[in-house]
Amino acid sequence: MVPGAEVRRIKKALPLASAGNLSAHPSPNERPSGRRGRPNYRGSGEDRAPRRFELRDRPDITGGHVRPSQRPFGVAQEIRKIMEEGSLDDAIKMVSSAPISSQNEVVWTLLIKQALKEERTTLAFDTYNQMKKRGFMPTGRNYTAILSGYDHLSQLNPKQWERVNRIWEHYKAYLTACRGRDGVEGSEVLSPHVPYFKMLARLGEYDRMVSIFESMDTTGPLAPNKFLCTAILGLVARRPGSNTERGDVRADMASMTVKIANYMMEAKMIDNFALCTILRGLVKGGDEHLRVAWDILSKQIGDITDLSVLTNSAIEVDHFLFDVILELCCAMNKYHLAIDLVDRAIQSKNMKQIVTRNHVHYALDALSYQAAEANEQSKPPSVKLPTTPASSPSAASTSPSPLSPSAPLGLNALSAKALSLLEFTILEAYSGHPKDVLPTRSTYHRALVIAWRANDWETATRVFQIMTGLDPAHFTDAGSFQGPPKSLKSIEAVVDMDAQSMSYLMRIACARDDVGMIKIALRIHSYYGPKKMFGDGSNGGGRDGMDAFYRYKHAVAVREAVIRVMQESLTQAERVSYKQMLFTVKREKERLQQGRDFLEQTEA
């Protein structure tokens, strides 16, 4: 209790109100509140006292503890810094001890994602349970983040998969609750399906994926949208083993694609990417699925035999869609259409910009199939050894130059077309083409296959020249005395001959039964050497097995070529050289016998 005398003394000490000291008295809006020490919230202007959460000099986190008034956004920023330093346990401890008002589902989801990123799955699931116990219910985005974290784990063991299914059951309950709400955003609520379907695909449970899709709403905001449908189609199209497993597996995969495609067409949600993904899944099926793919393509784009339809279609035909269209043409044995589409696209000003190396590969494959079919009908001459004695006039003395054009063999038009496509890729690659068209070793192999099927030596040597930059004339009898050959291409642009490409060249020379051509092929073989051509003979799976096969085929062709040349008039030095080559090839042939076994297995 303050004495009365003391109160009177304090009043006398207060300044009197006047025109000069009105500012000394606070206005009604600047008076402090009744609670001592609490700043005024109703002030205005620069003199207004700031609110407590706007104080910049007061730390939000002190000693690992959250200030009671700190918002979840500030806590999230702080735990991000702590987790970047590798202190996940400290971040979890800080959030667990924070007031409920400083937590939310986003803060807890950050902790769960980091635990899954560090593959601490038990800690992640425990943190998820702690979030649920504290009353925080994850939303669609939170479930997406949590399931994506499980999807990015290097492996899913049964215990982890059990936890994923428990989280999925919680999400299904959340999905059921969303059905009765207004203003639900379907894309956000349905987004957890994508990471869960990815995990189902990893485990090979494609039937369950389709059953979940079929059980979803067909109308309303929770019906599958085009992004979810396209994601499922992509998973089905990329099914492991879809290119190598038996036909019923591929047919089952195509049947799944048909179900999803029918739904998308009824909902009218087909766009460029969705159409491309649908065709990718159907092209691996049987004949009935190929016909379905062709019908879908015709309905969405039109008659693709007319190039103007591709350029003026409502659905943009980019290089991805053009790629799958060519694949569909080859799968349906429409080889002429595939070649014609690529040829007209090259000549079109607009379509030319989307042509890639892969499109050229499809056209070369179509040419190769046509050449194989023509070979079956015309039965080209097989490799045969002459029975004439060595003293008889050689074929080289009566045949034209091995580099001069020969009479057409009926298939030269196909090999000439392949050569023009190869030259197109070279010219466009160095002319600023927007897509990747520079030929690779696979491109040269395809061109040489067509030349081999057409028995076209001239095209084969031209492909060899483009591939290596070496002039074939240097390997003739007249050119062999001009010193070592020099490539006309830069070192980084040179693609050296390997056993596969060399075997095609050697087999063409033997099939033509021209000693001059055979000598050129043998000199090219000697230029690269047996180590380059035959390697170490390793016979593993995959590409190693194919390499062993082509090394074996090349060894057989070289042996036949050497035997054919040794029947001609040779100098003593040449005969010794060819005998040494024959001995080396015989040894390599025996060592690569496993490549022949690989051929028999693949043909079976």
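Analyst: Buried means under 20% relative accessible area, exposed over 50%, and partly exposed in between, using a 1.4 Å probe and protein chains only. Keep in mind that this is a predicted model, where local features need pLDDT of at least 70, side-chain atom pairs count only at pLDDT 80 or more, and totals for chains, interfaces and linings use all residues. Residues are numbered from 1 along each chain as its sequence is written, and side-chain values use heavy atoms, with hydrogens and water left out.

User: What percentage of the residues of the chain count as buried?
Analyst: Let's start with the overall make-up: 27 helices and two strands, taken as DSSP runs numbered from the N terminus (H or I of at least four residues for helices, E of at least two for strands). Contact here means heavy atoms within 4.5 Å, and of the contacts between residues at least 6 apart in sequence, 68% join residues at least 24 apart. As for burial, the chain has 604 residues, and the buried share is 45%.

User: How many residues does the largest nonpolar core have?
Analyst: A nonpolar core is a set of buried Ala, Val, Leu, Ile, Met, Phe, Trp, Tyr and Cys residues joined through side-chain atoms within 4.5 Å. Ile79, Tyr196 and Ile304 are among those with the most contacts inside the largest one. A second, separate core of 48 residues includes Leu422, Leu470, Ile518 and Ala557. The size of the largest core is 120 residues.

User: Which arginine is in contact with Ile304, leaving aside its neighbours within four places in sequence?
Analyst: Ile304 belongs to the largest nonpolar core and is one of its residues with the most contacts. Its partners beyond four places in sequence include Trp294, Leu310 and Leu337, and the arginine among them is Arg344.

User: Which acidic residue pairs with Arg344 in a salt bridge?
Analyst: By definition, a salt bridge is a side-chain nitrogen of Lys or Arg within 4 Å of a carboxyl oxygen of Asp or Glu. Arg344 is partly exposed at 21% relative accessibility. Its partner sits four residues away in helix α17 (residues 335-347), so the two are separated by about one helical turn. The closest N and O atoms are 3.0 Å apart, and the partner is Asp340.

User: How many residues apart are Asp89 and Arg120?
Analyst: Their side chains meet in a salt bridge, 3.0 Å from N to O. Asp89 is in helix α3 (residues 88-96), while Arg120 is in the loop between α4 (105-117) and α5 (121-133). Both are partly exposed, Asp89 at 43% relative accessibility and Arg120 at 31%. The pair links distant parts of the chain, with a separation of 31 residues.

User: Why do the buried residues of α10 line one face of the helix?
Analyst: Helix α10 (residues 206-214) buries Tyr206, Met209, Val210, Ile212 and Phe213. Seen down the axis, they line one face because they fall within an arc of 160°. That arc is taken over the directions from the helix axis to the C-beta atoms.

User: How far does helix α2 reach from its first C-alpha to its last?
Analyst: The expected span of a helix is 1.5 Å times one less than its number of residues. Helix α2 (residues 72-84) has 13 residues, and Ile79 and Met83 are among its buried ones. Just after α2 comes Gly86, with a positive phi near 85°. The reach of α2 is close to expectation, at 18 Å.

User: How many disulfides are there in the whole structure?
Analyst: A disulfide needs a pair of cysteine sulfur atoms within 2.5 Å. Cys330 is buried at 11% relative accessibility, but its sulfur is too far for a bond, because the closest cysteine sulfur, in Cys329, is 6.9 Å away. Across the whole structure, the number of disulfides is zero.

User: Near what value is phi of Asn333?
Analyst: Most residues other than glycine have a negative phi. Asn333 lies in the loop between α16 (319-331) and α17, and is exposed with a relative accessible area of 52%. Its phi is positive, near 65°.
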